[in-house]
Amino acid sequence: MTENNPHIILKTKALSIGYASKKERTIVASNINIELHKGELVGLVGGNGIGKSTLLRTLTNVQNALGGAVFINAKNIKDYPALDIAKVMSLVLTEQMMSKNLSVFELVALGRQPYTNWVGSLSENDLTTVNTALTQTNISDLKHKRCFELSDGQLQKVMIARALAQDTDLIILDEPTTHLDMYHKAYILKLLQKLAKETHKTILFSSHEIDLAIQLCDRLIVMSKDNVVSNTPCNLISSGTFETLFPKDLIAFDEKTGSFRVKK
């Protein structure tokens, strides 16, 4: 897909991520050079505690980089005013919502906040965008339900719809399949794959579901203790990248099936 869709939505240049205090700097990963292209579904994978959340926080400007730079649409993320960032990048986080008393429609409509006037009233265009997002995520029948009435899977679709209503080039999701059973994990990731193809938005998500990500993503970002690499799943498999993710005494990667298995 990259060759057919060369427009770069997000790019990092010699990015270093980690934590800094007055006394010390803790580098989690360094020299990260990745490119995300228009219309791609991109999975960020790696072992527990490897730094996936730190990378996402840095890419979204929630956390400062220790070095290097992040560019969105060829513009340094540090040069975007806060309101303008909300027009190019939308986030779906794992934190619980502040209020589940909102209706589904009201929550999805919050995605239009960067575009509404100071009283927050919705224009005809805003209403159309919200209803389109509800349709794209197959939740139009839930629009009048309160969010506390929803299952975890339904609520995740509502959060994705809100990101779609925000109408940004880039959507970033932190662990969108957490707390879901296997069917709904696959459903959500298949939905993201469909949305990337149909809307031509770039969708980046972090996940522990490496097997599913290998099957569904156009591109993967793989974090290990030694480096961060980005490529197509096929190229990553052929280069042996996945064989380095876990200790070989317990987990093995099968190149033929593109999946992990527990050693007997």
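In the predicted model, the buried residues of helix 5 are G153, L155, Q156, K157, V158, M159, I160, A161, A163, L164 and A165. Helix 5 is thus a mostly covered element, with 11 of its 14 residues buried. The cover over these buried residues includes strand 7 (89-92), helix 3, helix 4, strand 8 and helix 6. The length of helix 5 agrees with expectation, because 14 residues at 1.5 Å a residue should span 20 Å and the end C-alpha atoms are 20 Å apart. After helix 5 comes D167, which has a positive phi near 55°.

Helix 5 also takes part in enclosing an empty space. Rolling a probe the size of a water molecule over the atoms shows where such space is left. A search of the whole structure finds 1 cavity of 30 Å³ or more, and the volume of the largest cavity is about 30 Å³. The lining of the largest cavity consists of V92, I160, A163, L164, I171, L173, L192, L195 and I203. Two or more residues of this lining come from each of helix 5 (152-165), strand 8 (170-174) and helix 6 (182-199). The greatest contribution is that of helix 5, which supplies 3 residues. In chemical character, the lining of the largest cavity comprises 9 nonpolar residues, with no polar and no charged ones.

Helix 4, which is part of the cover of helix 5, was examined in the same terms. Helix 4 (residues 124-136) contains 13 residues, and the distance from its first C-alpha to its last is 18 Å, close to the 18 Å expected at 1.5 Å a residue. Its buried residues are D126, T129, V130, A133 and L134. These residues lie on the same side of helix 4, because they cover an arc of only 140° around the axis. Such an arrangement can be read from helix geometry: an α-helix has 3.6 residues a turn, so residues three or four places apart point the same way. The elements covering the buried residues of helix 4 include helix 3 (104-109) and helix 5. Just after helix 4, N138 has a positive phi of about 60°.

Helix 3 contains V104. This residue counts as buried because its relative accessible area is 0%, and the cut-off for a buried residue is under 20%. Leaving aside residues up to four places away in sequence, V104 touches L134, I139, L142, K143, K145, C147, L150 and V158. Two of these contacts belong to the helices described above: L134 is among the buried residues of helix 4, and V158 is among those of helix 5. A separation along the chain is also available for V104: K38 is 66 residues away in sequence, and the C-alpha atoms of V104 and K38 are 28 Å apart in space.

Positive phi values also occur at A14 and N73. For A14, a residue other than glycine, phi is near 50°. A14 is located in strand 1 (residues 8-20) and is partly exposed, with a relative accessible area of 36%. N73, likewise not a glycine, has a positive phi of about 50°. The position of N73 is in the loop between strand 5 (67-72) and strand 6 (75-76). With a relative accessibility of 25%, N73 is partly exposed.

Definitions and conventions: Residues numbered from 1 in each chain as written. Predicted model: local features only at pLDDT ≥ 70, side-chain atom pairs only at ≥ 80, totals over all residues. Heavy atoms only, no water. 1 Å grid on protein atoms, 1.4 Å probe; cavity = no way out; pocket = protein on both sides within 12 Å on 5 of 7 lines; lining within 4 Å. Points joined across faces, edges and corners; volume = space filled by probe spheres on them. Helix = DSSP H or I, 4+ residues; strand = E, 2+ residues; numbered from the N terminus. Nonpolar A, V, L, I, M, F, W, Y, C, P; charged D, E, K, R; others polar. Buried < 20%, exposed > 50% of the residue type's maximum accessible area, 1.4 Å probe, protein only. Expected span 1.5 Å × (residues − 1). Arc of directions from axis to C-beta. Contact = heavy atoms within 4.5 Å.
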